[in-house]
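Reader: Please show me the structure, and then let us discuss some of its elements in turn.

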Amino acid sequence: MPPERPSTEAGPALREWQRRALVAYLRRPREDFLAVATPGAGKTTFALRIAAELLADGTVEAVTVVTPTEHLKTQWAQSAARVGIQLDAAFRNADVHTASDFHGAAVTYAQVGIAPAVHRRRTMTRRTLVILDEIHHAGDARSWGDGVRSAFEPAVRRLSLTGTPFRSDDNPIPFVSYEPGPDGLLRSAADSVYGYSDALADGVVRPVMFLAYSGEARWRTSAGDELAVRLGEPLTKDLTAQAWRTALDPRGEWMPQVLRAADNRLRVLRAGGMADAAGLVIATDQNAARSYAKLLHTITGEPAVVVLSDDDGASGRIAQFAASDARWMVAVRMVSEGVDIPRLAVGVYATSASTPLFFAQAIGRFVRARRPGETANVFLPSVTPLLELASAMEAERDHILGAPKKEGWDDDALAEAQRTEDASGELERGVEHLSATAELDQVIYDGTSFGTPIAAGTPEEEEFLGLPGLLTPDQVQTLLSKRQAEQLARQRTQKPPAAPPSGPAAPMSTAERRVHLRRQLNALVAAEHNRTGRPHGQVHAELRKRCGGPPSAQATVEQLEERIATIRSW
C-alpha cells in the first residue's frame, strides 16, 4: 500500500530565507535548483518542505536523497519521517527497488557511483525528486560525478544543496550551472544564497571566536638534526607542516595545554547559561583520537566519546552524545556536513587538514544557534592557512573552473582528512617529536585579531577564556577590545628588565621583534579607535589596504614596521 501524501503544514515554521527560497522555487518551476546556505541555516528543513509540496500536488511520486555519508542517510530519514515523508535509509543496491510503503530512499554518493544503473531504473520507474545533499561531493571522483549524472538525469526535479559550494579542482559538479565572471572564468551559479554573514545578522547562527595558540615546537630529523621553531612564524611549507604536526603530538605539552584551556572555556559556558554545552576535538587519525580522549579523561575526570569512522555504530554514538549531557567527543571523519549536534559550542581543531572546504565543514558543526547570546569557540594552531581561513569566515565562495590553485589548499588534503585514518606518511618517518609548548597567540573574531601572545595557564589567558557564556556579537567585540586594552595597559606599566652589567643587551630575535611590533601596532590601533570611534577591524583593514600583506599575525617584521609608520602618519 503506498504511503499517504505528506502535509505541507507538518514541518516547522520556515525562516525568512527558507520562505524566500521556497517562493523562488515554486514561482518558476525548473528541473534543477541550487540552494547555497551556510551550515546550520536549515537546508534540510527547506528541502523537505519542497519535497512535501511536490508530493502533495502530484508533481513527483518519489523522493531520493543522496548524502556524503552513511550517518547522514539515517539523519535525513529521521527528519523526513517527522514531516510525514518515509525514506528507506537501509536501501541497498541489491534491493533494486524500495518497498511500496516508502516515499523513497536515502543513499550515499558512493552507493550511486558503484551502481548508477540501479538508481537510474528507480528514477525512471516513478516521477522522482532527487535531493543532492552537499552536491560538491559529486565532484570528489569522476566515477561519482558520472554516476550521479547518469542515475538522476531522468529525474523530474533535482534540488541541489550545499553550504560550501567551492572546490579547489576543476571537476564540474553535476546539475550545477556555471556562468562566466568578469575575469572570464566559469563560476557556479546558485538560485538561492544565504551566507554566514546574513545568518549571523538574523540570529540563525552563532558568532565564532577563534583562539589561536602558538608556541615553540622542537623535533629531531632522521639525519639527527634538532630543529626548534615558533609555531605561526613565517616558515617554509615543510617547516610549518612539521611544527604543526609536532604541536598536535599528544605526547607533547601543546595538546594537553590547549585541551585544558578548551575545557576551561567549556566550563565557563556551562556555568554561564549553556548548561548542556559540549566540546568536539577533530583529530587527524585514529591513534591521535584515542590519545586525545585519554588526555581529556585525565583533564576532566570524565570519559570522552570517541567516534573513529563511518562504521555501523558511529551513528548511534553520535545520536547518543547529541541527546546526552556528556562533555567531550573526539572524532576523525564524522565531522562532515550535516552532523547535527546543536549543543556543540567548543571545538579543538587538532588536524592538519587545511582546505577551505574541510575547514568550513568542521566549523559548521559549532555554529547552529539555539537561543540568543550563544557563541561558538574554536581552538586552533596559529598557522597561516588556518588563520587566513578563520579571518575570512564570512567570505562567500563559488566553485570556479580554471582558477589558479593556491598552494596548501587542495582536495588531496581533504581526501586524506576525510577518508584516511592511518598514521602520518613519509614526512613523519624517522622524525622524533621532542617538545611543544602552547601560548595563546591571538583571538580572532569577525576578521579582527585581538590580544598579544600570553603563556597558557596564566591569569591573562583566563581573562580571555572567562568571557561570559551568553553574549551578543556586539558584546563579544566590546569585551575583546576591553581585554586587549587592559593587556596593553599592563604591558606599558611593567618595568623592563635591567640590562646585564657585562655589556649591552642582546639584540632581539626575529620572533621577539614580531611580538614587540604587534603589541606596538595593536596599541596604535586601539588609540585610533579611541580617537575616532572606528572599529579595530576597520583600522587594521585600512592599513592592510594601504600597505598590502596578510593579517598582522602573519605579517613580516618589515610589513609590521610599515603599518606602524603609516598609522603614525595619520
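Reader: Is strand β2 (residues 62-67) largely enclosed by the rest of the structure or exposed, and why?

Author: This is a predicted model, in which local features need pLDDT of at least 70, side-chain atom pairs count only at pLDDT 80 or more, and totals for chains, interfaces and linings use all residues. Residues are numbered from 1 along each chain as its sequence is written, and side-chain values use heavy atoms, with hydrogens and water left out. A strand here is a DSSP run of E with at least two residues, a helix one of H or I with at least four, numbered from the N terminus. Because 6 of the 6 residues of β2 are buried (under 20% relative accessible area, 1.4 Å probe, protein chains only), β2 is largely enclosed by the rest of the structure.

Reader: Which residues of β2 point the other way from A62, T64 and V66?

Author: In a regular strand the side chains alternate between the two faces of the sheet. In β2, A62, T64 and V66 point one way, and all are buried, as are those pointing the other way: V63, V65 and T67.

Reader: Which residue of strand β5 (residues 128-132) is the bridge partner of V65?

Author: β2 and β5 pair in the parallel sense over 5 bridges, where pairing requires at least two DSSP bridges. The partner of V65 in β5 is I131.

Reader: How are helices α9 (residues 254-271) and α10 (residues 286-300) oriented to each other?

Author: Their axes, lines fitted to C-alpha atoms over the stretch in contact, with angles from 0 to 180 degrees between N-to-C directions, come within 10 Å and cross at roughly 55°. Angles under 35 degrees count as roughly parallel, over 145 as roughly antiparallel, 65 to 115 as roughly perpendicular and the rest as oblique. Therefore α9 and α10 are oblique.

Terms used: Buried < 20%, exposed > 50% of the residue type's maximum accessible area, 1.4 Å probe, protein only.
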